[in-house]
Amino acid sequence: MNPTNPKLRGRFAPTPSGEMHIGNAWTALLAWLQIRSGHGSFILRMEDIDKPRSKPHLARQILDDLRWLGIDWDEGPDVGGPYAPYTQSERLQHYEDALSKLQKQGALYTCFCSRADLLSAASAPHGLAAEGPAYPGTCRNLSPEERAAKAKLKQPSIRYRVGEEPVAFIDGVSGRHSFDPAATGDFIVKRADGMFSYQLAVVVDDAMMQVTHVLRGADLLDSTPRQIQLYQALGWEIPAFAHVPLFMGTDGKRLAKRHGNTSLAALREQGVSPAKLTGWLAWIGGLVPTPDPAAPQELIGRFDLSLIPAEPVIITEELLARLYES
């Protein structure tokens, strides 16, 4: 599809560490509809920066699953584009360059705390839900001599020094949010093992790929204030954010295999058509009144972000049964 509004740019950025399931399909479809309804460019990016967990065969399967759903992309790892490469493991120098820029600003410092140290810090505030306890600042003000001595004993991670001003933004689904930097804490941008953090990599990639709209799962809402601080520090324009609700089981926990196999591969084997799945997802999202089969192209005119529920979606057996109706 040729976009008529090239300034509108969105993306879907899966991690190839597991099979695509209905929750992934939900996010991918809504991200695609948001951009296609505005005649913009849609990007597929493979977030395989965690090499031990990422599997090449799963990355290929994701491409197949998305095509089976009827979702296409204008730029991506298999089709290229002006901001290639579209695979994170091939973009490491870009993250290093951003890290160097932050270092020159004095925005970074080395941290020698282990995971055990952080867990045992009884005084550490709770922090953000998706990010664990806020870092208590143990290594924030070490002297050069103290850092040199610790560096002889342990390879450090690198943390970003957060500011003091509240971070506020308006989410396209859940509305206005404001975060106290003390709640976010100084966060890691490069781990002690040399792996760049998700926070840094996603900001660098979205900025360099000129992404204007980020639609993703609500589990990443708490990452947004950290990413906004990085956008500001690096002098990049902040995209519009929308965090869609997660699919949950009736036990209140995130949908997983313990709730039944809801992978796209399993649904295909059970005879569920792609149009049935996308129509069902659109119904879950409040875009259509009934879960009738509908190809993604047929849903473009019905996309309305204001209709997407803000609360988690409880996937009951009754809801799943609607997928198998003829």
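Buried means under 20% relative accessible area, exposed means over 50%, and partly exposed is what lies in between (1.4 Å probe, protein chains only). Keep that in mind for the tour.

What you have open is a predicted model, in which local features need pLDDT of at least 70 and side-chain atom pairs count only at pLDDT 80 or more, while totals for chains, interfaces and linings use all residues. Residues are numbered from 1 along each chain as its sequence is written, and side-chain values use heavy atoms, with hydrogens and water left out. Helices (H or I, at least four residues) and strands (E, at least two) are DSSP runs, numbered from the N terminus.

**Stop 1: helix α8**

Select residues 224-234, which make up α8. How many residues of α8 are buried? The count is 10 of the 11, so the helix is largely enclosed by the rest of the structure. The buried ones are Thr224, Pro225, Arg226, Gln227, Ile228, Gln229, Leu230, Tyr231, Ala233 and Leu234.

Now look at both ends. Ser223 sits in the loop between β8 and α8, and Ser223 is buried too, because its relative accessibility is 3%. For a sense of scale, draw a C-alpha to C-alpha distance from Ser223 to Ala148: 31 Å in space, for 75 residues apart in sequence. At the other end, Gly235 comes just after α8 and takes a positive phi of about 75°.

**Stop 2: α7 against α8**

Keep α8 on and add α7 (198-208). The two helices pack at an angle of about 55°, with axes 9 Å apart. Here axes are lines fitted to C-alpha atoms, for helices over the stretch in contact, and angles run from 0 to 180 degrees between N-to-C directions. On the scale used, angles under 35 degrees are roughly parallel, over 145 roughly antiparallel, 65 to 115 roughly perpendicular and the rest oblique. α7 and α8 are therefore oblique to each other.

Which hand does the crossing of α7 and α8 have? It is right-handed, meaning that the near helix is turned clockwise from the far one by less than a right angle (anticlockwise would be left-handed).

Show side chains next. From α7, pick Tyr198, Gln199, Leu200, Val202, Val203, Asp206 and Ala207; they meet Arg226, Gln227, Leu230, Tyr231 and Leu234 in α8. Contact means heavy atoms within 4.5 Å. Sorted by class, this contact has eight nonpolar, two polar and two charged residues. The classes are Ala, Val, Leu, Ile, Met, Phe, Trp, Tyr, Cys and Pro as nonpolar, Asp, Glu, Lys and Arg as charged, and the others, Gly among them, as polar.

**Stop 3: α3 against α8**

Swap α7 for α3 (92-104). This pair packs at about 75°, with axes 10 Å apart, which makes α3 roughly perpendicular to α8. On the α3 side you want Ala98, Lys101 and Leu102, and on the α8 side Leu230, Ala233 and Leu234. By class, that is five nonpolar, no polar and one charged. Leu230 and Leu234 also appear among the residues of α8 that meet α7.

**Stop 4: two cysteines**

Zoom to Cys113 and Cys139. A disulfide is a pair of cysteine sulfur atoms within 2.5 Å, and by this rule the count comes to zero. Cys113 is in no disulfide, and the nearest cysteine sulfur, in Cys139, is 3.7 Å away. Why is there no bond for Cys139? Its sulfur is 3.7 Å from the closest cysteine sulfur, in Cys113, which is too far. Cys113 counts as buried because its relative accessibility is 13%; Cys139 is buried too, at 2%.

**Stop 5: backbone oddities**

Go to the loop between α2 (56-69) and α3, where Pro85 lies. The peptide bond from Ala84 to Pro85 is cis, with omega near 0°.

Then jump to Gln210, in the loop between α7 and β8 (213-217). Its phi is near 60°, a positive value in a residue other than glycine. Gln210 is partly exposed, at 42% relative accessible area.

His39 also has a positive phi, near 60°. Find His39 in the loop between α1 (22-37) and β2 (41-44); at 47% relative accessibility, His39 is partly exposed.

**Stop 6: Asn5**

Stay around His39 and select Asn5, in the segment before β1 (9-12). Which residues does Asn5 touch? Not counting residues up to four places away in sequence, they are Gly38, His39, Gly40 and Ser41. Asn5 is partly exposed, at 31% relative accessibility. One last distance: the C-alpha atoms of Asn5 and Arg36 are separated by 9.7 Å, with their positions 31 residues apart along the chain.
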